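Reader: I should like to go through this model with you and ask, for each label, what justifies it.

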There are 2 protein chains.
Amino acid sequence: MGRTSDTRENLINSAIELIGTRSYNAVGVQELCEHAGVKKGSFYHFFPSKRDLTLEALDLIWRKFKEETLDPVFDSNVSTLDKFEMLLRLSYEHQSDMKDCTGRMTGCGFGNLALELSTQDEEIRKKIEIIFCEWTKYMEIVIVQAVKEGVLPPETDPAATSQAMVAYIEGMTLLGKTFNDPCMLKRLGEGVLQLCISRKDTAEAHSAG
Amino acid sequence: MGRTSDTRENLINSAIELIGTRSYNAVGVQELCEHAGVKKGSFYHFFPSKRDLTLEALDLIWRKFKEETLDPVFDSNVSTLDKFEMLLRLSYEHQSDMKDCTGRMTGCGFGNLALELSTQDEEIRKKIEIIFCEWTKYMEIVIVQAVKEGVLPPETDPAATSQAMVAYIEGMTLLGKTFNDPCMLKRLGEGVLQLCISRKDTAEAHSAG
DNA sequence: GTATAATTTTACCAACTGGTCAACTAAAGG
DNA sequence: CCTTTAGTTGACCAGTTGGTAAAATTATAC
């Protein structure tokens, strides 16, 4: 009953595009509305505030990231460790496309908002914390699998290792955005697997060298 | 000749404190002035724009970071690889202090501004790019030294490795800020050294395990 | 075909944005 | 002591900020 519209979705997509390529505070409600072809009154009909729109936008990009990247990678039947390479390749391609069509490497939507808003908006901070946790779990499953297969040594700490990998990927992306150069992701990406080997191996490698 | 004042320095320090704990766009010229105990007219007597203030603030925190952290670490006479541990310890302590006194882990001033402004302000982006390059050079020197001492294998690629370490440190810090938990730096910090060992070692460790 | 519920529009708000300018004041140098 | 130079002040600007409220419009289910 009553009428329907896609104003809500339009606004969320505008938020993803505009806030994603600039920043939360650099984009106003007005611009969001203009981009979505909507009047400000409609905005506040659907969202109590810009913050709430952003929260929903975060939900959507996380869902999309899972559907378009994480799931395809982890459901694919390449060898366990190759999954990390595949994830990195997809990330590179995405950032590369971004640069081709906007002139800018936009980086990671989660990392971007995390650094801008973590100290100012507890709800947004918490949501991104949860997203990073879920992402880490994805990685952890692969690592556990790799240990089971004997590809990684049994002393491997899957929780610590997967978190280190998420950290490294975010750091790579931060540097890539700063240099506005997706190639950075290619170069740095080659280092991820090193985070997999346990500390014991590290010590061995050192004494062996 | 003419009179002197510390208004300029006050404004730069206010920028470091306010923008450092919140974000560039979340802090206005007005608030900057109030915090520095200065009228807006004075602001524009010293700085053509808020952007220019920020550029100078970046210069200062980079200089301070070198003087208070990088130089002490790299001039100290601990073993080469222990220098990385020392750097991480100092970073942890700094973020821990921040959390104790503001309730928030503020993260890295360079990373914060890089993600917020890289797509919007080319001059600020470029400045942070240069800072990251210089920081990487610092790390590279230690790695070259470690290779010379035989602590790291001769196949080590110092440029790639040092850049990977900077990326990893930025990623750690991003995650730490997101979780608002300095302990994250302690846990993740233990993984840095793994980025030192060359790809060849990684392969060996895998086949050995 | 009309009642009803959902959506859209318009006009509005006070507070604040980054930035300007001319008048004013204080100190250092000669 | 008085000129010069540097620093300070407050009033002002146009545009924008996030957000509100009520009237007007539309589609749908009955």
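Reader: What makes the pairing of Val29(A) with DNA strand D a polar contact?

Author: In this predicted model, a polar backbone atom of Val29(A) is 2.7 Å from a phosphate oxygen of DNA strand D. The limit for a pair of N or O atoms is 3.5 Å, so the pair qualifies as a polar contact.

Reader: How do you know that Arg3(B) and Ser5(B) belong with DNA strand D as well?

Author: For Arg3(B), a backbone N or O atom lies 2.8 Å from a sugar or linking oxygen of the strand. For Ser5(B), a polar side-chain atom lies 3.4 Å from a sugar or linking oxygen. Both values fall within 3.5 Å, and therefore both pairs count as polar contacts.

Reader: Which residues surround DNA strand D, and which parts of the strand do they approach?

Author: There are 23 surrounding residues, and the closest are Val29(A), Lys50(A), Arg3(B), Thr7(B) and Ser42(B). Of the atoms of DNA strand D that come within 4 Å of the protein, 67% belong to sugar and phosphate. By class, this surface comprises six nonpolar, 12 polar and five charged residues. Helix 3 of chain B gives the most to the surface, with four residues.

Reader: What makes His45(A), Val29(B) and Tyr44(B) polar partners of DNA strand C?

Author: Each reaches a phosphate oxygen of that strand: a polar side-chain atom of His45(A) at 3.4 Å, a polar backbone atom of Val29(B) at 2.8 Å and a polar side-chain atom of Tyr44(B) at 3.1 Å. The cut-off is 3.5 Å, so these pairs are polar contacts.

Reader: Which elements supply the surface near DNA strand C?

Author: Helix 3 of chain A, together with helix 2 (29-36) and helix 3 of chain B, each give two or more residues. Helix 3 of chain A gives the most, with four residues. In total, 22 residues surround DNA strand C, among them Arg3(A), Thr7(A) and Ser42(A).

Reader: Why is the relation between chain A and chain B called a two-fold axis?

Author: A turn of 180° with a shift of 0.0 Å along the axis lays chain A on chain B, with an RMSD of 0.0 Å. That is the relation of a two-fold axis. In chain A, the C-alpha nearest the axis is that of Gly171(A), at 1.8 Å. Both copies use the same surface, since 100% of the contact residues of chain A recur in chain B.

Reader: How much area do chain A and chain B bury, and which residues of chain A lose the most?

Author: The two chains bury about 5,000 Å² between them, with 62% of that on carbon and sulfur atoms. Leu115(A), Thr119(A) and Gln194(A) lose the most area in chain A, together 14% of what that side buries. Each chain contributes 58 residues to the contact.

Reader: Why is the pair Arg104(B) and Glu122(A) called a salt bridge?

Author: The closest N and O atoms are 2.8 Å apart. A side-chain nitrogen of Lys or Arg must lie within 4 Å of a carboxyl oxygen of Asp or Glu, so the pair satisfies the rule. Two salt bridges are found across the interface, and the count of residue pairs in polar contact is 10. Helix 8 of chain A gives the most to the side of chain A that touches chain B, with 14 residues.

How values were computed. Residues numbered from 1 in each chain as written. Chains lettered and ligands numbered in written order. Predicted model: local features only at pLDDT ≥ 70, side-chain atom pairs only at ≥ 80, totals over all residues. Heavy atoms only, no water. Least-squares fit on C-alpha atoms with pLDDT ≥ 70 in both. Contact = heavy atoms within 4.5 Å. Buried area = accessible area lost by both parts, 1.4 Å probe. Polar contact = N/O pair within 3.5 Å; in protein donor to acceptor, adjacent residues only side chain to side chain. Near = heavy atom within 4 Å. Nonpolar A, V, L, I, M, F, W, Y, C, P; charged D, E, K, R; others polar.
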